[in-house]
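Biologist: Please choose one part of this model and take me through it closely, in connected sentences that a first-year student could follow.

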Amino acid sequence: MRYQFKFRPYQRRFGRTLTTNHGNWDIREGIILRLTDETLRVGWGEIAPISWFGSETLEQALDFCRQLPEEITDNTIFSIPDDLPTCQFGFESACEWGSGKWGVGSKGDKENNFLTPNSSLLPYSGLLPAGEAALNQWETLWQQGYRTFKWKIGVDAIAHELEIFELMIHTLPASTKLRLDANGGLTYEEANLWLWTCDNLKANGELPLEIEFIEQPLPIEQFQGMLELSMSYETAIALDESVATLGQLAACYQQGWRGIFVIKPGIVGSPSRLRKFCHQHEIDAVFSSVFETAIARLAALQLAAELSRNNRAVGFGIDHFFEQEETWLQSLCKEL
Ligand code: MG
C-alpha cells in the first residue's frame, strides 16, 4: 500500500505543572501525522516522545519525518529503526487507523470522529497530585468515576510521605485501589521500607484498601534489586521506566521478571511487535499514557483493550491535567 504522508509538530501546555521524580514538566510537544492511502482512506497518527523516559527526542523524530518523501509505503513504515520507537508507534497506528478496523477513519472521512469521548470499557486510573495535595484531590476524581488512583512517591522525604500515606489509606474509600509510583526514586532501603509497610499493614488487618503495586521503586540500573524485592514481599512491584521500549521489555522478561509490566504504547515501539510479545508470553501488563493527545490515546487504548489481563485499570486518567484539548487538535488536523 502507498500513502500520502503529511505531518505537523504541536505544543500544548499542561493545565498545571506535572511533578515527578524526573523533575517538572510544563509543555508537551509532539507530531501529528496523516496518512492517506490509495483509496483515500485517512489514518491519523501521533508521535509523542519522552526522551528522558527512553524514547528518541522530538528533534530526532522530526528529522525522521522531514527526510521522508511525500509518498511512503508499508515497507517504509515497517522498517523504521528501533531507536525511533515513537515513530514506529505513530506510523503503524496511523496505518491501522486508516484500515478502518477500529471503526474510525472511514473512507474519505475528513471529519475527525476520534474527538468523541472514549468509550473504552477498561477502568481508568486517576493520577493524584504529589504530596499532601492528593488528600484534597481524590474526591473530585472519585466523583468522576475513578476507583484506582496513582500517587507519586519518592518526591519528598520518606518519613513525610509515609505520614501522608497513613492518612491517605484511612481517607480513601475501602473499594479504592492505590498504586504508588516512585519513578525509580527510592534507595534499596527506602523501597524495602515501603514494601514492608504495605505488607505489614495488610498482615495486621490495618490496610482498609488495596495497594495494587509499587511502581518502579529503584532506578533502571538496579534491576536485580527489584527482582529480589519482588520475591521477598507480597506487595506487587511493577516495572515502568525499566521497560520503556520493546527491547527493554524483552530483556527484563528474559532476566526473569514475572511481576507487572507498565507499558506506554506511545513510546514502547511497534504495535504489531508488542502484540506478538504480549500474546507469546502472556505478561501481566498495565497500560499507561505518555500525555498524548486524543489521537495516540485512541491507538493506545485499542492496544490496552486487546492486551490487558486481570482487569487492571489503564493509566489514562489524565484529562484534568489539560484544558481544552479538543478544539486546537481539530484545527490542527483540518490544516493538515
Ligand atoms: Mg510510572
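Modeller: Let us start with L40, which is exposed at a relative accessible area of 57%, where exposed means over 50%, buried means under 20% and partly exposed lies in between, using a 1.4 Å probe and protein chains only. This is a predicted model, in which local features need pLDDT of at least 70 and side-chain atom pairs count only at pLDDT 80 or more, while totals for chains, interfaces and linings use all residues. Residues are numbered from 1 along each chain as its sequence is written, and side-chain values use heavy atoms, with hydrogens and water left out.

L40 sits in the loop between β2 (23-37) and β3 (42-47); helices (H or I, at least four residues) and strands (E, at least two) are DSSP runs numbered from the N terminus. Although L40 is not a glycine, its phi is positive, at about 70°. Most residues other than glycine have a negative phi. N310 is another non-glycine residue with a positive phi, near 60°, and it lies in the loop between α11 and β12 (314-317). N310 counts as exposed, with a relative accessibility of 52%.

From that loop we can step back to α11 itself. Helix α11 (residues 294-307) packs with helix α10 (residues 271-281) at an angle of about 15°, their axes being 11 Å apart; axes are lines fitted to C-alpha atoms, for helices over the stretch in contact, and angles run from 0 to 180 degrees between N-to-C directions. The two helices are therefore roughly parallel, a term for angles under 35 degrees, whereas over 145 is roughly antiparallel, 65 to 115 roughly perpendicular and the rest oblique. In their contact (heavy atoms within 4.5 Å), α10 contributes P271, L274, R275, C278 and H279, and α11 contributes L303, E306 and L307.

A further place to look is the magnesium ion, whose protein donors are D181 (OD), E215 (OE) and D240 (OD), at 2.0 to 2.3 Å from the ion. Donors are N, O and S atoms within 2.8 Å of the metal (3.2 Å for Na, K and Ca), and water is not among the atoms, so sites may look incomplete. D181 in strand β7 (residues 177-181) and E215 in strand β8 (residues 210-215) are 34 residues apart, and this pair links distant parts of the chain. D181 is buried at 0% relative accessibility, and E215 is buried too, with a relative accessible area of 1%.
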